[in-house]
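Got the viewer open? Let's take a short walk through this one, stop by stop.

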Amino acid sequence: MAQVSVSPLPSSATSPLPLHRRIFLRLQRTATASATDSVSTSTSSSTSNFKPKVVVTRERGKNAKLITALAKHEINCLELPLIEHTRGPDLDRLPSVLSDNAFDWVVITSPEAGSVFLEAWRASGMPHVKVGVVGAGTASIFKEASQSLSQSLDIAFTPSKATGKVLATELPKVGNKCTVLYPASAKASKEIEEGLSNRGFEVTRMNTYTTVPVQHVDHVVLKQALAAPVVTVASPSAIRAWKILLSDSEWSNSIACIGETTAAMARSLGFTNVYYPAQPGLEGWVESIIEALGSYDELLK
């Protein structure tokens with residue numbers, strides 16, 4: 001069952017540098033390929049007759065799985081990317097850190113962190129690493145690489161619940177000195193590194209990427225998004241970007257978050273109809289979206 005909540009007001013953002021050329025091109029190719037495989041209703045969403053029920057807001061090309069899952073429930077979507085990834089201050093150093101040091105664990109807590117890490121890991125000569133991932137979505141980024149390079153890339157841990165807090169509590173500790181490399185978004189909280197440090201781990205955090213709001217939003221698409229019953233968000237950065245887009249306009253429809261961390265940010269920004277699954281992941285997220293739509297339909301009766 002999803003949970004609903006209320007609360008107060010906003011927070012801020014920073015804006016970084018353009019992506020490292022090689023990684024930028026890789027991400028761009030991936031986004032283009034995924035966007036082609038996405039759903040036609042997303043790309044043709046600027047037509048005046050199109051009335052989506054759900055707005056999907058991940059970076060362009062990364063919404064296909066959610067769109068497909070919702071289509072099975074006959075729920076049509078509008079794609080409105082709210083954020084984009086750019087390089088972090090530690091990105092260039094990551095390959096040398098991997099090649100020059102041996103860590104007991106590498107902790108990865110998002111698909112984007114996984115993609116950026118894999119690029120740097122290949123550039124470093126693919127040393128043997130033992131990886132802890134936060135959940136199934138992040139693990140899927142490593143699936144192809146681990147199948148072909150299983151001896152070097154060991155996906156060895158997933159917590160009982162897909163949150164950073166639980167990961168920091170449950171990550172196995174070997175010996176008195178256990179070292180962790182934590183490549184992360186510059187905007188990620190200190191919850192994981194502090195949780196692990198409190199347990200005696202030696203944590204090296206590297207801010208390898210960050211997120212910024214998209215530079216341009218089509219006004220016709222935005223108008224359709226504002227009319228949709230549910231907006232989905234997969235990160236605190238995305239909900240902050242949505243808040244900025246709303247400006248001072250009144251909007252009281254529902255937010256369906258991928259998990260409780262994003263939901264907490266939504267509540268702190270003043271959104272009142274906030275839904276999220278108890279267990280993060282695609283299946284629970286879809287259930288939360290369906291529940292949010294059900295509540296909207298009840299209000300119309």
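Here is the route: the whole chain, then a pair of helices, then a single glycine in a loop.

**Stop 1: the whole chain.** Before selecting anything, keep in mind that this is a predicted model. Switch to a cartoon view and you'll have 12 helices and 11 strands in front of you. Next, try a surface view. The accessible surface comes to about 14,800 Å², and carbon and sulfur atoms account for 52% of that area. Of the chain's 301 residues, 49% count as buried. If you draw contacts between residues with a separation of 6 or more, 72% of them link residues 24 or more positions apart.

**Stop 2: helices α10 and α11.** Select residues 236-246 for α10 and residues 260-268 for α11. How do the two lie against each other? Two packed helices are described by the angle between their axes and the distance between the axes. Here the axes come within 8 Å and cross at roughly 25 degrees. Angles under 35 degrees count as roughly parallel, so α10 and α11 are roughly parallel to each other. Their crossing is right-handed.

Now show side chains where the two helices meet. From α10, pick P236, I239 and R240; from α11, pick T261, T262, M265 and A266. Sorted by class, this contact has 4 nonpolar, 2 polar and 1 charged residues.

**Stop 3: the rest of α10.** Stay on this helix and colour its buried residues: S237, A238, I239, R240, A241, W242 and L246. What covers them? The cover includes β3 (83-87), β8 (201-213), α9 (219-227), β9 (230-233) and β10 (254-257), along with α11. Turn those on one at a time to see the surroundings of α10 fill in. Then step just past the helix to S247, which follows α10 and has a positive phi, near 55 degrees.

**Stop 4: G135.** Move to the loop between β5 (129-133) and α6 (136-148), where you'll find G135. Is G135 buried or exposed? Its relative accessible area is 7%, and buried means under 20%, so G135 is buried. Leaving aside neighbours within four places in sequence, G135 is in contact with T158 and A162, so show those two as sticks.

Finally, add P280 and draw a line from its C-alpha to that of G135: the two are 8.0 Å apart in space, yet 145 residues apart in sequence. That's the end of the tour.

How values were computed. Residues are numbered from 1 along each chain as its sequence is written. This is a predicted model: local features need pLDDT of at least 70, side-chain atom pairs count only at pLDDT 80 or more; totals for chains, interfaces and linings use all residues. Side-chain values use heavy atoms; hydrogens and water are left out. Helices (H or I, at least four residues) and strands (E, at least two) are DSSP runs, numbered from the N terminus. Buried means under 20% relative accessible area, exposed over 50%, partly exposed in between (1.4 Å probe, protein chains only). Contact means heavy atoms within 4.5 Å. Accessible areas come from the Shrake-Rupley method with a 1.4 Å probe; for residues, only the protein chains shown count as cover. Axes are lines fitted to C-alpha atoms, for helices over the stretch in contact, and angles run from 0 to 180 degrees between N-to-C directions. Angles under 35 degrees count as roughly parallel, over 145 as roughly antiparallel, 65 to 115 as roughly perpendicular and the rest as oblique. A crossing is left-handed if the near helix is turned anticlockwise from the far one by less than a right angle, and right-handed if clockwise. Ala, Val, Leu, Ile, Met, Phe, Trp, Tyr, Cys and Pro count as nonpolar, Asp, Glu, Lys and Arg as charged, and the others, Gly among them, as polar.
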